[in-house]
Amino acid sequence: MKQYPHIIVSNPSEHKGKWNQVFNNDHPIHVEVGTGKGQFLMGMGMLHPEVNYIGIEKYDSVIITALERAIESEQPNVKFLNEDVTNILDYFDQGEVDRLFINFTDPWPKNKHEKRRLTYKGFLDLYKQILKPTGEIHFKTDNQGLFEYSLESLSGYGMSLHNVSLDLHKSDIEGNVMTEYEEKFSQKGMRIYRCEAKFR
Ligand code: SAM
């Protein structure tokens, strides 16, 4: 991975507040937390060359597939950080990010693990700092319990909810790009839940 620092960015804290220099343009920055193997971001990057995408994934064994995909596609607008989302404030400045995606995050169903859910209010505190005031969180999951929890967490945090879908693949929401988990679960006939949330 160290051979491809232009794809898996090493020392991301050095670029805090300067990601537009890394991409060499002023395009908006969209971040996916818990990006997995990168299918969603590579697809989004291809569809939206006018947006810069950064995926954060903590496990090398997973992000290596994202790297392989990115080497093959040579898309300049998609980069990855092999880091833990818990440290996201080290990598992005206040208001540097335009949109944050949370896709099929681990549900951590036991109450005692609530703080690990990426839609827990502790994480929302972090996201709020790096997102622009007009920034948005886009969330998808197959897990009904996590979806219900997240709707409460996002609205309890004072965020407004938009484009809520209880069955994304049967909804009229356009431009959906499937993640690996989304493909896997929808092939099994499971429905996909989705919402967008804004601070204002
Ligand atoms: N988003 C992908 C998808 O929809 O196919 C992957 C979903 S997978 C269930 C969740 C991913 O989030 C895992 O690869 C996991 O390692 C990553 N993840 C969970 N918590 C994380 C954290 N705190 N920091 C970085 N990655 C995290």
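In the predicted model, helix α3 is followed by E74, a residue with a positive phi, near 55°. E74 adopts this backbone value although it is not a glycine, and its position is in the loop that joins α3 (60-73) to β3 (78-81). The surroundings of E74 are sparse enough for the residue to be classed as exposed, because it has 8 C-beta neighbours inside 10 Å, where exposure requires 12 or fewer.

Helix α3 itself comprises 14 residues and spans 20 Å between its first and last C-alpha, close to the 20 Å expected at 1.5 Å a residue. I63, A66 and A70 are the buried residues of α3. These residues cover an arc of only 45° around the axis and therefore lie on the same side of α3. Such an arrangement can be read against helix geometry: an α-helix has 3.6 residues a turn, so residues three or four places apart point the same way. The other side of α3 carries S61, I71 and E72, which are exposed. The packing partners of the buried residues of α3 are α2 (39-47), β2 (52-56) and β3.

Contacts with α3 also involve K37, a residue of the loop between β1 (29-33) and α2. K37 counts as buried because it has 20 C-beta neighbours inside 10 Å, and 20 is the lower limit for that class. With neighbours within four places in sequence set aside, the contacts of K37 are V62, T65, A66 and E180. A66 thus appears both among the contacts of K37 and among the buried residues of α3. The C-alpha atoms of K37 and S61 are 9.2 Å apart, although 24 residues separate the two along the chain.

A one-sided distribution of buried positions is likewise found in helix α5 (residues 144-156). This helix contains 13 residues, and the distance from its first C-alpha to its last is 18 Å, close to the 18 Å expected at 1.5 Å a residue. The buried residues in α5 are L146, F147, S150, S153 and L154. In a view down the axis of α5, these residues fall within an arc of 130°, so they line one face of the helix. G145, E148, E152 and G156 are exposed and occupy the face of α5 turned away from the buried side. The buried residues of α5 pack against two kinds of element: a helix, α4 (121-130), and the strands β5 (131-141), β6 (160-165) and β7 (193-198). Just after α5, a positive phi of about 95° occurs at G158.

Helix α4, one of the packing partners of α5, has F123, L124, Y127 and I130 as buried residues. Seen down the axis of α4, these residues fall within an arc of 125°, so they line one face of the helix. The cover over the buried residues of α4 includes β4 (97-103), β5 and α5. Strand β5 accordingly takes part in the packing of the buried residues of α4 and of α5.

Strand β6, also a partner of α5, contains N163. N163 has a phi near 45°, a positive value in a residue other than glycine. N163 is classed as partly exposed because it has 14 C-beta neighbours inside 10 Å.

The ligand is surrounded by 19 residues, of which G34, G36, F104, T179 and Y181 are the closest. Helix α6 (residues 180-187) supplies the largest share of this shell, 3 residues. By residue class, the shell divides into 6 nonpolar, 7 polar and 6 charged residues. E180, a contact of K37, falls within the residue range of α6.

At the level of the whole chain, the secondary structure of the protein comprises 6 helices and 7 strands. Their order from the N terminus is α-β-α-β-α-β-β-α-β-α-β-α-β. The radius of gyration is 16 Å, which agrees with the value near 16 Å that a compact globule of 200 residues would have. Along the principal axes, the C-alpha atoms fill a box of roughly 40 × 35 × 35 Å. Buried residues account for 38% of the 200 residues. Of the contacts between residues at least 6 apart in sequence, 75% join residues at least 24 apart.

Terms used:
Residues numbered from 1 in each chain as written. Predicted model: local features only at pLDDT ≥ 70, side-chain atom pairs only at ≥ 80, totals over all residues. Helix = DSSP H or I, 4+ residues; strand = E, 2+ residues; numbered from the N terminus. Rg over C-alpha atoms; globule rule 2.2 N^0.38 Å. Contact = placed C-beta atoms within 7 Å. Near = placed C-beta within 6 Å. Nonpolar A, V, L, I, M, F, W, Y, C, P; charged D, E, K, R; others polar. Expected span 1.5 Å × (residues − 1). Arc of directions from axis to C-beta.
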